[in-house]
Amino acid sequence: MSARSTLPGSAPLASTLPASVVDGASERDFGVYLHVPFCSVRCGYCDFNTYTSTELGGGASQANYAATAIGEIELAAAAMAEVGLPRRPVSTVFLGGGTPTLLPAADLASLLDAVGQAWGLAGDVEVTTEANPDSVTAADLVRLAGAGFTRVSFGMQSAVPSVLHTLERTHDPRRIPDVVAWARDAGLHVSLDLIYGTPGETLDHWRTSLDAVLGLEPDHVSAYALTVEPGTKMGAQVRRGLLPMPDPDDEATKYEIAAAALAGAGYDWYEISNFARTTADRCRHNLGYWGSQDWWGVGPGAHSHIGGHRWWNVKHPRPYAERIDGGRLPVAESETLTDRQREDERVLLGVRLVDGLDVGADLRGRLPTLVGDGLIEAEPAATGRAVLTLRGRLLADTVVGALTD
Amino acid sequence: MPPIATPAASALIQPASTTPELLRNFCIIAHIDHGKSTLADRMLQLTGVVDERSMRAQYLDRMDIERERGITIKSQAVRMPWQVDEAAYALNMIDTPGHVDFTYEVSRSLAACEGAVLLVDAAQGIEAQTLANLYLAMENDLAIIPVLNKIDLPAAQPERFAEELATLIGGEPEDCLRVSGKTGVGVEVLLDAIVAQVPPPVGDPDAPARAMIFDSVYDTYRGVVTYVRVVDGQLSPREKIRMLSTNATHELLEIGVSSPEPHPTQGLGVGEVGYLITGVKDVRQSRVGDTVTNAAKPATESLGGYRDPQPMVYSGLYPIDGSDYPALRDALDKLKLNDAALAYEPETSVALGFGFRIGFLGLLHLEIVRERLEREFNLDLISTAPNVIYEVTMEDGTEVTVRNPSEFPTGKVKTVTEPIVKATLLAPSEFVGTIMELAQGRRGTLQGMDYLSEERVELRYILPLGEIIFDFFDQLKSRTRGYASLNYEISGEQDADLVKVDILLQGEQVDAFSAIVHRDKAYAYGVMMTGKLKELIPRQQFEVPIQAAIGARIIARETIRAMRKDVLAKCYGGDISRKRKLLEKQKEGKKRMKNIGRVEVPQEAFVAALSSDTTSGK
């Protein structure tokens, strides 16, 4: 059981972090996630915490948002210092949303500046922003690169107009080659996101999207199966029978097509849904999540983790801004993980990675069955490592089930 | 006004000193819902034995289940004073159970009476169960008082049903009394009629004591309370009594009458009805139908009619959580104290783990036991499809008694015999075709058909018991919009072409799903069960064939395709807690899975596949 508490607003900063977070901190990387909760249009499948109104009032409005988030960065640095965490330069920064590029490039730059001032940036810091292909210009990308951004991830999702239409993505797929070229010209590493399994997407549609991506030669590709979440517009459409529920068999076929196409073009999988040309092209920020490193999530609804302590912020930008304006951390809830929970997380996250998972001596007896079922590779299993096969990547939950108690 | 006007009159009807001429023993024969308990409540009030304040609806139905379901399972006796023309009488109302499974108990209750109130809902007419009990009462030479109840209902048709009752018992429609248990109208007239029409009991006060047990109830505080009707002689406190069937002797710790709370008395004389407490803890030591006598001066002849309860229907009961097995055993041991018909022994199922094979009198008995186990003992249970007892003779002459499909022998079977019942169905005549179709589908043979009136028909069938214990009642009710009623009694056995159909998951036999069915229905059962399981069992990471087989011969097959993907592709954005909670939930769910070979089957699949609507073989 996790110790849970809803933090009272008036608590002193130090009470937001238990002393245990300090243990082993110097061995863990520290990253910062910055959430930008704005979009011009909300896509039907999206369940992220995002708002389409530019005017949510006060510090929650788009124009004031950067200043508010910088307020949290300052409070965060103070809270970490207060509990006795060593000052660690930030190894990765990730701006996600929402649509970070809805904010002026200057705002994004000032957010990054604030992170640097609060903790310092590591020399090889990776700084990524998500970007919507229709809300970014060549000049923006140059400005971001100049401000220290190293990487941009475009939400391409599909190259097929009908699929984009079902997803309610508004961008013109013909714009993708341009934005990729601009980003590359600006010196940024480029990642493209794809979604497969959209209702109505055929196998040929999916191959078209993959071909389009490979033709653009990005450094990194993410391919996510569409997940229909209950609270979304798409969720309601599926419930009412207006759209079919994505078929897991179809998604499995598409994953296999993607894995083959990407591998053939020199992109190796390093996490179930993520592929990179070289080790250096992997997204270190996301690796931090899967490796249970430390990160502070800034922004409404953002999740954080430091040393087995997890918490998440209030979801709506208005109360979020009010808390920050009042000098308080906007924590909604927190939990301190038990050893058992930390082990569960180590397994369920670690098994997703190409390097696989060190399996404890007590559970190694289960590896031969997993090898026999074609779920994990035989050779690493012999030395106690669970590395997923292609089949195992699709049935990772089964593997996690077998490797946890 | 108190029912008994003077203390002098009252003194004449004290227990143990009431002459038989002032006693009237009667019961009420009625169908469930025809208002027996409500009428009994009115009688308790009118005779003053229960005052308004302590009156609660359906006073006599003590168990919660009885009150909730509106049915009476255990009978009781209540002594009530009533005055007619200056003379005081003691009326003993003996309550009778109202269901087909308890025919034997009913017969003992009837044997304790000289008269019966035939109570029929004036809006519905007589039902098959009531008719059967009426015949039983007539065979016992009871005086029958026909009464139409619920005459206050707008839908009441007393003329029509009075006609029907008159045809049945051979009187005039005018003789039929009309009451409303709800409003109390006509109840005083009925009490007067009981005094006038029910003959007083007859017995020899000087003969050795003989009393018949018509009910036996376990009470946590007092041990077994035995309800008796004294036929000859007298029973007195502190004397030693003997049970004639077992020759066991007990000391009478307490003897008394219920009115309706227990009142100890100086004994019970000829014709009187009351209770005995001897300190025994198990109703098996004080069995319904047995004869009680005085140990020092014992009677030699029993009153007759005693019969050991015979389980007719068997089902396996398993705790959903295997660790509840000891709790289930303890619960059965407790229930047994109060249920002489309950028989059980431990059983192991590959699919369901440790449990018990339990013998019941019938389906209602099964349902009641199961419900009490779940409700009073807080157990979550799976019950396997009920089955009857089969006698199997092999070609080499060996004989096997099969109480559980898994006991069905392999090898060359010569004959299989199954129990059959005589069934009586009553329904509006428009449903005759529907009922015939249903009964023929269940291998029934029509024995005869009679019109009770222009609108109502009685159909008599011989049916295999095994065919009616699945969902026959439900089918009958739904196909006749609830208008048909059914009664049956065991009537020997017959040879039948029966086979055992096994269900195999990935080649492994799932014992809980095996069924003994008629050869003509084996294929239908196989198709139904494999189809059902295909829907209920989630996809696994490998392909799972589901087969139905008779011996080695596969008769039906379905395949659960292998699951190819279970992973959530999206696992980023830092909300790890949600993903972990999903895993924890999955692990919780896994605990409730049973493994058949390598196939994980959720408990719900067993419950759903074994529920009666899926076992009909349709």
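A salt bridge is counted when a side-chain nitrogen of Lys or Arg sits within 4 Å of a carboxyl oxygen of Asp or Glu. In this predicted model, A:Asp397 and B:Lys579 make such a pair, with their closest N and O atoms 3.4 Å apart. A:Asp397 belongs to helix α15 of chain A and B:Lys579 to helix α14 of chain B, so this salt bridge joins two chains. Over all chains, the structure holds 49 salt bridges.

A:Asp397 turns up again in the largest pocket, which has a volume of about 1,500 Å³. The pocket is lined by 47 residues, and the closest to its centre are A:Asp397, A:Gly401, B:Gln586, B:Lys590 and B:Glu600. On the chain A side, two or more lining residues come from each of α8, α11, α12 and α15, while in chain B the elements that do this are α14 and β30. Helix α14(B) gives the most, with twelve residues. As for the chemistry of the lining, 23 residues are charged, 13 are polar and eleven are nonpolar.

Now for a pair of helices within chain B. Helix α2 (residues 36-46) packs against helix α7 (residues 187-197) with the axes 10 Å apart and an angle of about 80° between them. Angles of 65 to 115 degrees count as roughly perpendicular, so that is how α2(B) runs relative to α7(B). From α2(B), the contact uses B:Leu39, B:Arg42, B:Met43 and B:Leu46, and from α7(B) it uses B:Val187, B:Glu188, B:Leu190, B:Leu191 and B:Ile194. Sorted by class, this contact has seven nonpolar residues, two charged ones and no polar ones.

Methods. Residues numbered from 1 in each chain as written. Chains lettered and ligands numbered in written order. Predicted model: local features only at pLDDT ≥ 70, side-chain atom pairs only at ≥ 80, totals over all residues. Heavy atoms only, no water. 1 Å grid on protein atoms, 1.4 Å probe; cavity = no way out; pocket = protein on both sides within 12 Å on 5 of 7 lines; lining within 4 Å. Points joined across faces, edges and corners; volume = space filled by probe spheres on them. Helix = DSSP H or I, 4+ residues; strand = E, 2+ residues; numbered from the N terminus. Nonpolar A, V, L, I, M, F, W, Y, C, P; charged D, E, K, R; others polar. Axes fitted to C-alpha atoms, helices over the stretch in contact; angles between N-to-C directions. Parallel < 35°, antiparallel > 145°, perpendicular 65-115°, else oblique. Contact = heavy atoms within 4.5 Å.
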